[in-house]
Amino acid sequence: MTGETVTYLEAIRRALGDAMAEDSRVFLIGEDIGRYGGAFKVTEGLLDRFGPERVIDTPIAESGFVGAAIGAAMMGLRPVVEFQFIDFIANAFDMIVNFAGTNRYRWGQKVPVLMRGPSGGGVHGSAFHSGNPEGYFHRAPGLKIVYPATVDDAYGLLREGLLDPNPVLFFEHKYLYRRVKGELPGSGHRVPIGKARLARPGRDLSVITYAAMLHVALEVAEKLAAEGIEIEVLDLRTLKPLDDEAIVATAEKTGRVIVMNEEPLTGSLAGEVAARVAERAFWSLDAPVTRLCCLDTPVPYSPPLEARYLPDAAKLEAKVRELLAV
Amino acid sequence: MRAPLGPLDPGAAAAAERLAATDLPKERQLELFRLLQLNRRLEERLTNLYRQGKVVGGLYGSRGQEAISIGSAFALEPGDVVAPLIRNLGSMLVRGVTPFEVLTQYMARGTSPTGGKDCNLHFGDLSRGLVSPISMLGALIPVMAGVALASKLERRGFVALTYIGDGGTSTGDFHEGMNLAAVLEVPLVVIAEHNGYAYSTPTGRQMKIRDLAQRAAAYGIPARIVDGNDVLAVHEATRRAAAAARAGAGPQMLEVKTFRMKGHAEHDDASYVPPELFDEWRARDPILRFERHLLAAGTATRAELDDLAARVDADLDADLEAALAAPMPPPERALEGVYEPWPGSGA
């Protein structure tokens, strides 16, 4: 550890800079990431440090620059794509799902590309600047998906993602960018892809979650601890491949499971996690496995509407009490 | 089995224009001829297999367009990288893909290049400078811009080349990829095959311009229009375009005019194509034209060409026999190879 306290955003910037310094094959490509430093300033300073061939500004063409990153990755480079907002990943869906995700299976060609971008709501960004796209990609074979909630994981998962030879989607929660702080880990820190983290041990009920909702879960767990209710919180960190072992272990331990995430309820990743709990830990359950997700609507703009849309501490607390009453 | 080429059709001979000048030595020209023959005769065998039900998926041919794939790929250096499309079997043959690979791939055998996991020409091999085609047209333009970007960033000196059809130029990916390649000034060569039809849609329903080359102007990319049924012209134009790209002049485009002499695929009888168009373009058949050129220029004798074609046929017979004997894949293989293995760094 470094003893230096940084934001979640700074941890991502440091991880990019450290990876670029250690491996000359790593380069960044995206919109306004050079002189401007990116819409959220994640890449600020990296152009001066590494030059325009390592920090490449592109035209507004998500499919184009994702395709180019895939091509460069096949030739042995380690591109890092930045989406200005993760919502625009929709424009590159074909490249990611049909090309990057299938190449290894179809013709043995690895595609070591990492794609990252600011995700999630709570900042009044409305329908096109607040989305969480993991559900669209979760069923696509060949991809890995990570979504850190802490400084430690943001740094460690990004460094690990740049070693993994597969296409990695690295989602960053923009609500956490400057709100979450922690000690910057040393440059050798890596977090394995595919391993969840037990964020808080407990006995009475499990909340399985990730990203911004992790912090909601921890807040509720802390509050209810005063009443003697012990909530276990599992931070998935990696969404694909899911850590089945950790999911089943916490379900078997507490017998009550809430899966909480920040996607519209229908078709969300929470459903997949709940299905795994039901299939593999059913006989340990004392209550129905339950999902707590967003409304099945586009992300609304006005604060009261967005608050209604998102899961929050009050909604989780109510759901916890409901399940404990079973 | 010996299948001589037969006498020249007098009508076709009269319609044949002269081919472009070339400085290719005789052996290289004969190799071009051999590859053209291999392309066509391999596809004829595939058609037979399709009719026998041995091709388990669709069959897509390049009849009438063989000179484009072969002439262009033949102009590249060994380290260059090619991304073919479904009608570029010839490019793959130039890069060393074997008929056995193609036959087993179409027949979904376990020993095919993808082990039965993918169909038709959907395979690649970077050790031979080949990127796999993808069905989504236009997608390979950005991807190959990125392959070319790797060459530029690492100063590796290779050129990336890919193909697009007239229909494919309507896609957003074509636009994004061409524009990106131009702005990044990468060594990319794009061969736009104007073959008259995108599946059943004629070019006139696809765009309001006459020449695909006009599209290149919008990106600031130099483009030339080439007779796609003249293998020597395609070869020479590609050689120049690749040299310019290699020298740092940025992406280059060729529009090659040609005609698709069959339906979109074997299941398509192309009844929507006026028969006189087929007649007109049959007279410009790229293989017969090249053959006449070789004979008229005294580059080869009839006996030499017959002998080459006969050897192609004999080799194909042996390949076909071996491919027919190849096993289907074990079902459990369906589970394998989604991810590149990676143990992870540990916590």
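The following questions and answers concern a predicted model. Local features need pLDDT of at least 70 and side-chain atom pairs count only at pLDDT 80 or more, while totals for chains, interfaces and linings use all residues. Residues are numbered from 1 along each chain as its sequence is written, chains are lettered from A, and side-chain values use heavy atoms, without hydrogens and water.

Q: Which strands stand at the edges of the open sheet of chain A, each with a single partner strand?
A: Strands are DSSP runs (E, at least two residues), numbered from the N terminus, and two strands pair if DSSP finds at least two bridges between them. The seven strands have the order β3-β2-β4-β5-β7-β6-β12 in chain A, with mixed pairing. One side of each edge strand is left without a neighbour in the sheet, because each has a single partner: these strands are β3 (55-57) and β12 (238-240) of chain A.

Q: Which residue of β3(A) is the bridge partner of L28(A)?
A: Strand β2 of chain A spans residues 26-30. Three bridges join β2 to β3(A), and the two run parallel. In β3(A), the bridge partner of L28(A) is V55(A).

Q: Is M213(A) buried or exposed?
A: M213(A) has its place in helix α8 (residues 212-225) of chain A, where a helix is a DSSP run of H or I with at least four residues. Buried means under 20% relative accessible area, exposed over 50%, and partly exposed in between (1.4 Å probe, protein chains only). The relative accessibility of M213(A) is 5%, so M213(A) counts as buried.
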